[in-house]
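Colleague: I am new to this structure and would like a close look at a single part of it. Could you choose one helix and take me through its surroundings slowly?

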Amino acid sequence: MSLTFRDILHLRTHDIASETLGELIAGAEAVALLSGAVESGIIGALSTASSSQQIAIATGLEQEQIDGVLRALEAYGLVKQRNGIYNLTTHLKLLTSADAPNPLINTLRVTNIRMRNLTNLGNDGKDYTALQSYEVLSIAQGIISALSLARSFVGAALGNMMPEVKKLWQAGACHLESGCGVGNNLFQIVTTYPKVTAVGVEIDAETANEARRRAVFFGVTDRVEIRQMDACTLTDEAVFDTAQWSQFFFPTVYRGAALRALFKALKPGGYVFMPLLLAVSGNIWAYRRDMLRMALRILKSEPLIALVFLNAILLTTPARQRAEKRLSSLQELVYRAWGIPAKTAKELQIEIEGSGFRVLRTIPTPASRVFPVRGFLLAQRI
Ligand SMILES: C[S@@+](CC[C@H](N)C(=O)[O-])C[C@H]1O[C@@H](n2cnc3c(N)ncnc32)[C@H](O)[C@@H]1O
C-alpha cells in the first residue's frame, strides 16, 4: 500500500500535537533530573567549580554517569561549563545558598510529593495525616524558611499588615500556632518581637522535633515550647493573646475540633490569623487595587515592605495571571487529595464565624513563587 499525501499530513498534525506535550514532558523530566542531581550530591559538589572527575570522587558515582548528568544539566541551562570545569548558574547558586527563602532541595521534594499526589487522583479517601512522616517534614521545610534572609521580612510584614496584633507582640504577647510545622512563621515572629512567648503545636513527631532543634538554633528555648500533639486536643483555656491557624494543612475531619480548641485557648478579645491558599481576588484590576491599598496602608510604618506591594502591581502581566490560574487549579487538586478544602476567603469566613469568631478583615498579599500564601484572614475571639 502506498502512502498518500493525507497520511503525511496526518503524521504532521500528530507531530505538532506531540510537540506541545513534549514541552511539558521536558519540564517534568528536568525536575526529575535536578532532583536526582541534588539528592545524589552532584549539585552540592558543584557549589564550588568542579571537573566531572572531582564530582565523581565527591559523590562516589561513576565518572561516566556524572558526565551524562552534567551534559544534560548543561543542555537545560542549569549548569555552565568552560574547559571541562562545571559551575552552577547564578540562579541555581542563589536557590542552593544557605539563606535561600525556598531552598532548592525542599522545593524539589515538595514538587515530587505534589506530582505523586496528582498522578494518583483516585486516592482512597486518605488525607494529609496519612502522608509519610518524611513527606510531612519535607512540606513543612518547603515553606518560606525561618533560617533564611526572609526571616525578619516575614516577621515585620505580618506585624505591619496587622497593627493590632503587632502592638500585642511588641508589648510581649503569648502566641500560639496551631499546626506549626517546623515553626517558620513562629520563629519569624519570636525573633522579630523579642518579648513574645510562643507555643507551637504539631501533630507529626519528626516535624515537631525539627521545630525544637530550630528553637535551640535561634536561642529561644526559654520563650518557645513545641508540643507534639493533635491541635484538636489542646486543653488550654484563655491563655493566648494571639494565634495563627495553619488552616490549609487541616483536613476537613479535624477542622471543627481544631477551631473549638483554638477558640477556648485564646483570651476573649484575642486575635487569630490564618493564611489563605487562594487569591483574595481573581480579577487583575481588583488585585492591583488591593496591592495599592496595602502599600498605602503600610507606607508610613514600613516603606520598604510597601515597595513589595507596589512592585506586585508592576508584575501583574496577563502571562503571570495565567500562571497564577494554573497554580491555583493545581493547588485545589493537591489539597483535595490531602482531604483539605481549598477555601476562598468568603468560605473560610463562614467557617470561622460558625465557630464563634468575628472576622475583622482579609489581607491580600502579593502573588509570588517564594510566598505560597495569597493572603490572610484576621479574626477575633469575642
Ligand atoms: C506545614 S505547617 C505550616 C507552616 C507554618 N505556618 C510555617 O510557617 O512553617 C502545617 C502543619 O500543620 C500540621 N497539622 C495538621 N493537622 C494538625 C493537627 N490536627 N494538629 C497539629 N498539627 C497539625 C501538619 O502536620 C503540618 O506540619
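Modeller: What follows is a walk along one helix, with a short look at its wider setting. Please keep in mind that this is a predicted model. The domain assignment divides the protein into domain 1, residues 5-96, and domain 2, residues 134-381, and the centres of domain 1 and domain 2, taken over C-alpha atoms, are separated by 36 Å.

The helix I have chosen is α9, which runs over residues 163-171 and in which Val-165, Lys-166, Leu-168 and Trp-169 are buried. These four lie on the same side of α9, because they cover an arc of only 160° around the axis. On the other side of the helix one finds Pro-163, Glu-164, Lys-167 and Ala-171, which are exposed. As for the partners of the buried residues, they pack against two helices, α8 (151-161) and α10 (184-192), and against two strands, β7 (240-245) and β8 (266-276). After α9 comes Gly-172, which has a positive phi, near 110°.

One of those partners, α10, also leads to the ligand, since α10 belongs with α7 (133-141), β5 (197-202) and α12 (252-265) among the elements that each supply at least two residues of the shell around it. The largest share comes from α7, with three residues. Of the 24 residues around the ligand, those that come nearest are Gly-179, Gly-181, Asn-184, Asn-185 and Ala-231, while the shell as a whole divides into 14 nonpolar, seven polar and three charged residues.

Terms used:
Residues are numbered from 1 along each chain as its sequence is written. This is a predicted model: local features need pLDDT of at least 70, side-chain atom pairs count only at pLDDT 80 or more; totals for chains, interfaces and linings use all residues. Domain bounds come from an automatic or database domain assignment. A residue is buried if 20 or more other C-beta atoms lie within 10 Å of its own, exposed if 12 or fewer, and partly exposed in between; C-beta atoms are placed from the backbone. The arc is that of the directions from the helix axis to the C-beta atoms. Two residues are in contact if their C-beta atoms, placed from the backbone, lie within 7 Å. A residue is near a molecule or strand if its C-beta atom, placed from the backbone, lies within 6 Å of it. Ala, Val, Leu, Ile, Met, Phe, Trp, Tyr, Cys and Pro count as nonpolar, Asp, Glu, Lys and Arg as charged, and the others, Gly among them, as polar.
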